[in-house]
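Good morning, and thank you for joining. I would like to take you through one model today, moving from local pairings to the interior.

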Amino acid sequence: MENFSEDRIINDRLEKLQKIKKLNIDPYPNRWDKDRVKIVDAITSFDSNEKIKKPQSNLSLAGRILAKRGMGKVIFFDLKDQTGKIQLHFKQEESKISKDFLDLLDIGDIVGVDGVLFKTRRGELTLDIHEITLLTKSIRPLPDKWSGLKDSEIRYRQRYLDLISNDDSLNIAIKRSKIISSVRNFMNKKGYLEVETPILVDIPAGGRAIPFETFHESLEKKLFLRIATELHLKKLIVGGIEKVYEIGRLFRNEGIDHDHNPEFTTMESYESFEDYNTVMIMVENLVSSVAKEVNGTTKIKISEDDYIDLEPPWERLDLRESIITNTGIDFLKYKSSKDLASVMIDKGFVADPKEAWGILLDRLISQGVETKLIKPTFLLDYPIEMSPLAKLKPNSLDIVERFEAFVLGHELANAFTELNDPIDQRNRFVEQENQRNTLGDEEADRLDEDFLISIEHGMPPTGGLGIGIDRLVMLITGQDQIREVLLFPQLRTKK
């Protein structure tokens, strides 16, 4: 029934399209030669003129018709552009515009209008239209304006309809752009050099992930979509670029949930002659600065009566102590996968003794600790098995200088004091390769010989950071689903 109704609407609009063409009107002109004003600026200008009692002048607006209401010889439209919405007014006896032409306009059409602003008796700001130009004839109907577009599947699959129908979605898209610009400005002011590194790589190293692969015909070789930018950025540190960063897309062949999408955006940065303590301070300053610039405050509302504050300093917790406090398990006492899985299961956590020890501990952190980290928190000092690219703490054989940042129970950032000992790094890569071969751990990191050769030339002490841009946008826009902050999230093929 719904398809039949839509087909009928489409046929009706196609008939109107032909009538418009017979009036020698181009329903799809190349441009509109007017000095267009944004709706938000028109509203601001009206208020300013009204305060000083200055007569309202003629202005030009353009946008999409979202509503059309006929009342005898009077027609009201709602017009929307990216900045806002405004009411339009047409009265037949006061206008040279043909009502027959207006009858051919539909909700969804894009028009340009000229007129003068006034307020109705109800106090609604309205443009009295003196001239109207059809800029695009819409063939398909928009979602019903009263029910809106609430089906998440349609919203994500046809994001353009979501942006038209839902102001919240449009505002998130705009804020995302502002957040990325704010991050970039922060890093540039700190003296970091922004670079671009390859997306197609020979070896998908630098993180735990299953990669996507493809084949290059001319080079006759298999290539992978990068899972991290880390190793290329560290090569630049070796080359003498002392502060470097990249904002870019990563690709991991993993499951989809409220925090994960197969392609996602990160900002990775590296600074010579510093460690994870310097990076920690930078992260809390970066996040609070971006929130203040975009939202005007460092406070994030989490309920009607409660909020968290991103203002530094953030809480710093030792990972081992946090796990013991929240789960009763001391990972240093259970050094085999079998033993750790057994105690996890006894404590009610999901665990598989066939998995690598580091994976099991990561699952324990996710199940027993992360969800309790509501206010901004750094978890510090991870076991070496979970961090093949991080440097050991001084006088330690099994704990590295690594932190993860959490807010509202979600991981936001991951950082190390970077391992710059080429012999130690080679041994750890070999261990990762063995882990893949003996335990079937497809996500284990991979040995990249070219990277090892680079740090054999000497890499200075370095503090490195990876921060999830999508997670940052979720935090600052108050969303708990990653799909809400991605304009085009990955979806299953529509049947």
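Let me begin with a hairpin, formed by strand 8 and strand 9, with four residues between them. In its turn, Glu-220 has a positive phi of about 55°. The two strands, residues 213-216 and residues 221-225, run antiparallel and are joined by four bridges. Within that pairing, Phe-215 stands opposite Lys-222 of strand 9. I should say at once that this is a predicted model, and everything that follows should be heard in that light.

Now to the overall picture. The protein has 495 residues, of which 47% count as buried, and it contains 14 helices and 18 strands. The C-alpha trace spans about 90 × 55 × 50 Å along its principal axes. Considering contacts between residues at least 6 apart in sequence, 64% join residues at least 24 apart.

The next feature is a barrel. Five strands close it in the order 1-2-3-5-4, and the pairing is mixed. From one strand to the next the twist averages 50°. Within this set, strand 2 (residues 74-81) and strand 3 (residues 84-91) run antiparallel and share eight bridges. Phe-76 stands opposite His-89 of strand 3.

I turn to the interior. In soluble globular proteins, nonpolar side chains tend to be buried together. Here the largest nonpolar core has 43 residues, and those touching the most other members are Val-183, Met-267, Val-287, Leu-310, Trp-314, Phe-403 and Leu-465. Elements giving two or more residues to this core include helix 6, helix 8, helix 14, strand 10 and strand 16. Helix 8 provides the largest share, ten residues. A second, separate core has 39 residues, among them Leu-319, Trp-357, Val-400 and Leu-452.

Let us look more closely at Met-267 in the first of these cores. Beyond its neighbours within four places in sequence, Met-267 is in contact with residues including Val-183, Met-187, Tyr-245, Leu-286 and Leu-465.

Tyr-270 also deserves a moment. Tyr-270 lies in strand 11, residues 263-272, and counts as buried at 2% relative accessibility. The side chain of Tyr-270 makes a polar contact of 2.7 Å with that of Glu-268. Tyr-270 and Gly-463 are 193 residues apart in sequence, yet their C-alpha atoms are 5.7 Å apart in space.

Next, strand 16. How many of its nine residues are buried? The answer is nine of nine. In a regular strand the side chains alternate between the two faces of the sheet. In strand 16 both faces are covered: Ile-399, Glu-401, Phe-403, Ala-405 and Val-407 are buried on one side, and Val-400, Arg-402, Glu-404 and Phe-406 on the other. You will notice that charged-type names such as Glu-401 and Arg-402 appear in that buried list.

As for its partners, strand 16 pairs with strand 15 in the antiparallel sense over six bridges, and Pro-383 has Ile-399 as its bridge partner. Strand 16 also pairs with strand 17, again in the antiparallel sense over six bridges, where Arg-402 is partnered by Phe-416. The hairpin of strand 16 and strand 17 has two residues between the strands, and Leu-408 there takes a positive phi near 55°.

Just ahead of this strand we meet Ser-396, placed in the loop between strand 15 and strand 16. Is Ser-396 buried or exposed? With a relative accessible area of 17%, under the 20% limit, Ser-396 is buried. Its side chain reaches two backbone nitrogens: that of Asp-398 at 3.3 Å, and that of Ile-399 at 3.1 Å.

My last stop is helix 9, residues 319-327. Leu-319, Ser-322, Ile-323 and Thr-327 are buried. Why do they lie on the same side of helix 9? They do so because they cover an arc of only 100° around the axis. Glu-321 and Thr-325, on the other side of helix 9, are exposed. The cover over the buried residues includes strand 14, helix 11 and strand 15.

Both ends of this helix offer a detail. At the N-terminal end, Asp-318 acts as the cap, with a side-chain oxygen 3.1 Å from the backbone nitrogen of Arg-320. Just after helix 9, Gly-328 takes a positive phi of about 80°.

That concludes the tour, and I welcome your questions.

Note on methods: Residues numbered from 1 in each chain as written. Predicted model: local features only at pLDDT ≥ 70, side-chain atom pairs only at ≥ 80, totals over all residues. Heavy atoms only, no water. Pairing = 2+ DSSP bridges. Axes fitted to C-alpha atoms, helices over the stretch in contact; angles between N-to-C directions. Core = buried A, V, L, I, M, F, W, Y, C linked by side-chain atoms within 4.5 Å. Buried < 20%, exposed > 50% of the residue type's maximum accessible area, 1.4 Å probe, protein only. Contact = heavy atoms within 4.5 Å. Arc of directions from axis to C-beta. Polar contact = N/O pair within 3.5 Å; in protein donor to acceptor, adjacent residues only side chain to side chain.
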